[in-house]
Amino acid sequence: MNQKTLNKLEYNKIIELLAQQATCPGGERACRALKPSADLTAIETAQAETEAAFSRIVRKGKLSLSGCYPVSDSLKRLEIGGTLGAGELLRICKLLSAANRAKSYGRHETTDDLADCLDPYFEQIEPLTVLSSEIERCIISEEEISDDASPALKQIRRQIGLANDRIHSTLTSLVNGSMRSYLQDALITMRGDRYCIPVKAEYRSQVPGMIHDQSATGSTLFIEPMSVVKLNNDLKELYGKEQEEIQVILASLSAAAAEHIDAIRADYQIMTTLDFIFAKGSLALSMNASRPVFNQDRRIHIREGRHPLLDRKKVVPITVTLGDTFDLLIITGPNTGGKTVSLKTVGLFTLMGQAGLHIPALDRSELGVFENVYADIGDEQSIEQSLSTFSSHMTNIVSFLKKVTPSSLVLFDELGAGTDPTEGAALAIAILSHLHRQGIRTMATTHYSELKVFALAEKGVENASCEFDVETLRPTYRLLIGIPGKSNAFAISSKLGLPDYIIEDARRQLSSQDESFEDILSNLEQSRRTIAREQEEIAAYKRELEKLKSEAKQKQEKLDAQRERIINEANEKARTILQEAKDVADETMKNFRRFGKENISASEMEKERERLRRKIAASESGNSLQTRKPAKVHKPGDFKLGESVRVLSMNLNGTVTSLPDSRGNVTVQMGILRSQVNISDLEIIEEKPVYTAAKNRRNTSQGKMKMGKSLSVSPEINLLGNTVDEAIAKLDKYLDDAYLAHINQVRIVHGKGTGALRNGIHNYLRRQKHVKNYHLAAFGEGDAGVTIVEFK
């Protein structure tokens, strides 16, 4: 990949973030050396490893390989038979400890943990537990060997302790005894590796021994008394034996490590690789990234991608398509609108994806495989090289126009800027046409209207724009494919306070063609916003329709289940009745035969007949529901909306909600159950409370009115499609009629929608004194789309 492009697209900053996720020096070096690849097989392998690491981190947490230090130099010394120091052996021990942790981390603890592409790495790790345990037992730190490293070392250190005790005892007796007056201080000190006492210079002849040092003034001599010379010699000899034994121990440990040189080297390489892979997984987790889908058609489709270096809470996701129906995308719009960020996002995602990193976008985002990415982004004006902005850009463009191939991705920021607008636009069109003819995937940002027209007229070229809210003077940072953008210079200037007469003068400077083109862009933008708003409304209606459809389906399934239960119960009762009838018939025939044979008296036969009659009567009484007929045969004209009826076959009371059809079927609401029933199975329930109330009143017009209301007022009012004011007006009259008709409970159908109509109705009901309470209907009765009202 082009190194200059990597820097311009800030790929190095992504690598720095990746290196921070590594836990060992080798993994960090591997992260910093990561470069994009153009080999699809290598890319897919790297992406699969990143995905596997991401999944393991989510399930088990991050794998820490701290302590995995480079040991190659130590292993080379072991190969030639050398002995390692305590520090080198400890580093090998820490490496093996890290290998042991990695081995444990790589095991699948449950059957739900599926195998992945990282399993071979974990399986190859050899923790060499015996070797690491032996090193830990013998070496405490780089400066200290354990007393238990060997029996000989333990014995030598015990002797050293005894020798130190004897020397201290002898010197203490001298310091506190006869030589006290000769000493500068009553203390024991060390010079070199010998114990001495500080003697005043004038008493040198009074203290026999060896002089090892003197103070800066010469007033104090540090003398080793003759009585401890031999003891010090013995101690020094013991120290020598201690070092010899330590070398023996280190040699033994080095020999043990030398037997596993290949395994140790392999462990280090594998764990370095794993640390690098898990760093990629950790970076994907921190960015909330996903694995892109790669194709060899150089097609790009990024779904709601977020630039990884911007604040994730503030960045606006963009959706970009390139290489499907068009291979050249021209992005226009005002400054600071997000054009350059969109450009960099596409380029950086391409580099990250081909380096095996996940991208911060929705899953199923697609990336093509490009052999090289070329970008001309930013101001490269150079005073030292006497290059203007235009010259520096053109130098860069010329350098990679010689190298581009159909397998390249080319990105231009403000192509043709920095020179005469007319010439710059013409040059930009020529460069883009040259790349377009070769089928090279290209993206460019610009302010030139000529390029917008070029994109509208040329096949395989598409406009895009970064949306800008003129009312707030702020960009929305949304990338709109297929819509050319406006610079909005006049609108922005007006909002910022530029006098209107100046803006009008500027408008007059525009040619009619330019002005009409800008008007077209404005109309397109307005149409787009209208369509987007209507699409959102349609989507909301679709969601509500699907919800209602689902509720209707659930309700129908519930009704079907209830109907099936009722039919099953009826069939069961019918079988019981038939069985009882059969038993009675059998018993009767049996008795008649017995009476004929045994010459039973007539009185006994009459008693038996009476017993059977009572039994049959009791059976008929117990099943009266199945055989009950309506007390009065009703005609279709007898049934009105809101009529209270009893469904004889179900033994349930309900309300008529539809007039009889040609076959005499009406719809009856029985609580949550709504069913179609024939009028032959219905019995009209007389409204006694209304009749009694009317009877007890004087025969006035008011009493007649109330009886009339009870027969004509429906127990349900439908307010769907009304505004709140219209609905309240209708509801006010309806509730008065229902209350006068002595209907105890009514249903108000207002629908769900946005909830405004429901809230307005509830606010109205809250103020009505004759309303006892109200509540939303239960599941299956309308839910939040229906309100049940009970009167006092």
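**Notes on a predicted model: rings, charges, cysteines and backbone**

1. Helix α17, which spans residues 500-509, contains Y501. The model under review is a predicted one. In this model Y501 is exposed, with a relative accessibility of 61%. Together with L498 and I502, Y501 makes up a nonpolar patch on the surface. The accessible area of these three residues together is about 300 Å².

2. The next topic is aromatic rings. A pair of aromatic rings is described by the distance of the centres and the angle of the planes. How many aromatic pairs does the structure hold? The count is 6. One of them is formed by Y105 and F278, with 5.6 Å from centre to centre and 80° between the planes. This arrangement is edge-to-face, because an angle over 60 degrees between the planes falls in that class. Y105 belongs to helix α6 (residues 86-106), while F278 belongs to helix α11 (residues 261-287). The two residues are 173 residues apart, and their pairing links distant parts of the chain.

3. The surroundings of this ring pair deserve a separate remark. Are Y105 and F278 buried or exposed? Y105 has a relative accessible area of 11% and is buried; F278 is also buried, at 1%. Both values are under 20%, which means that they fall in the buried class. Ring pairs also bring in F122, so that Y105, F122 and F278 are linked into a cluster.

4. Charged side chains also lie over rings in this model. The charged end of K60 is placed over the ring of Y105, 5.5 Å from the ring centre. Y105 is thus a member of the ring cluster and also has a charge over its ring. At another site, R191 lies over the face of F222, and the distance to the ring centre is 3.9 Å.

5. Salt bridges come next. Side chains of opposite charge can pair when their charged atoms come close. A search of the whole structure gives 28 salt bridges. Among them is the bridge between E10 and K13, whose closest N and O atoms are 2.8 Å apart. E10 is buried, with a relative accessible area of 18%, whereas K13 is partly exposed, at 41%.

6. A further salt bridge joins R157 and D147, with 2.5 Å from N to O. R157 is in helix α9 (residues 151-175), and D147 is in the loop between β2 (144-145) and α9. They are 10 residues apart, and the pair is counted as linking distant parts of the chain. D147 is partly exposed, with 40% relative accessibility.

7. D363 and R303 also meet through their side chains in a salt bridge, at 3.7 Å from N to O. Which parts of the chain does this pair tie together? D363 is in the loop between α12 (339-354) and β11 (366-368), and R303 is in strand β8, so the salt bridge connects parts that are 60 residues apart in sequence. D363 is partly exposed, with a relative accessible area of 44%. Elsewhere, E10, K13 and K344 are joined into one network by salt bridges that share partners.

8. The backbone calls for comment at two residues. Most residues other than glycine have a negative phi, and most peptide bonds are trans. E10, although not a glycine, has a positive phi near 65°. E10 is situated in the loop between α1 (3-8) and α2 (11-20). E304 likewise is not a glycine and has a positive phi, of about 50°. E304 is located in strand β8 (residues 300-305). E10 is buried, at 18%, but E304 is partly exposed, at 40%.

9. The last point concerns cysteines. A disulfide is a covalent bond between the sulfur atoms of two cysteines. How many disulfides does a search of the whole structure find? The search finds 0. For C31, the closest cysteine sulfur is that of C24, and the separation of 8.8 Å is too far for a bond, because a disulfide requires sulfur atoms within 2.5 Å. C31 is buried, with a relative accessible area of 0%. C117, by contrast, is partly exposed, at 32% relative accessibility.

Conventions: Residues numbered from 1 in each chain as written. Predicted model: local features only at pLDDT ≥ 70, side-chain atom pairs only at ≥ 80, totals over all residues. Heavy atoms only, no water. Phe/Tyr/Trp six-rings, centres within 6.5 Å; stacked < 30°, edge-to-face > 60°. Helix = DSSP H or I, 4+ residues; strand = E, 2+ residues; numbered from the N terminus. Buried < 20%, exposed > 50% of the residue type's maximum accessible area, 1.4 Å probe, protein only. Lys NZ or Arg CZ within 6 Å of the ring centre and 35° of its normal. Patch = residues over 30% accessible without salt bridge, like charges linked within 9 Å, V, L, I, M, F, W, Y side chains within 5 Å. Areas by Shrake-Rupley, 256 points an atom, 1.4 Å probe, with all protein chains shown as cover. Salt bridge = Lys/Arg side-chain N within 4 Å of Asp/Glu carboxyl O.
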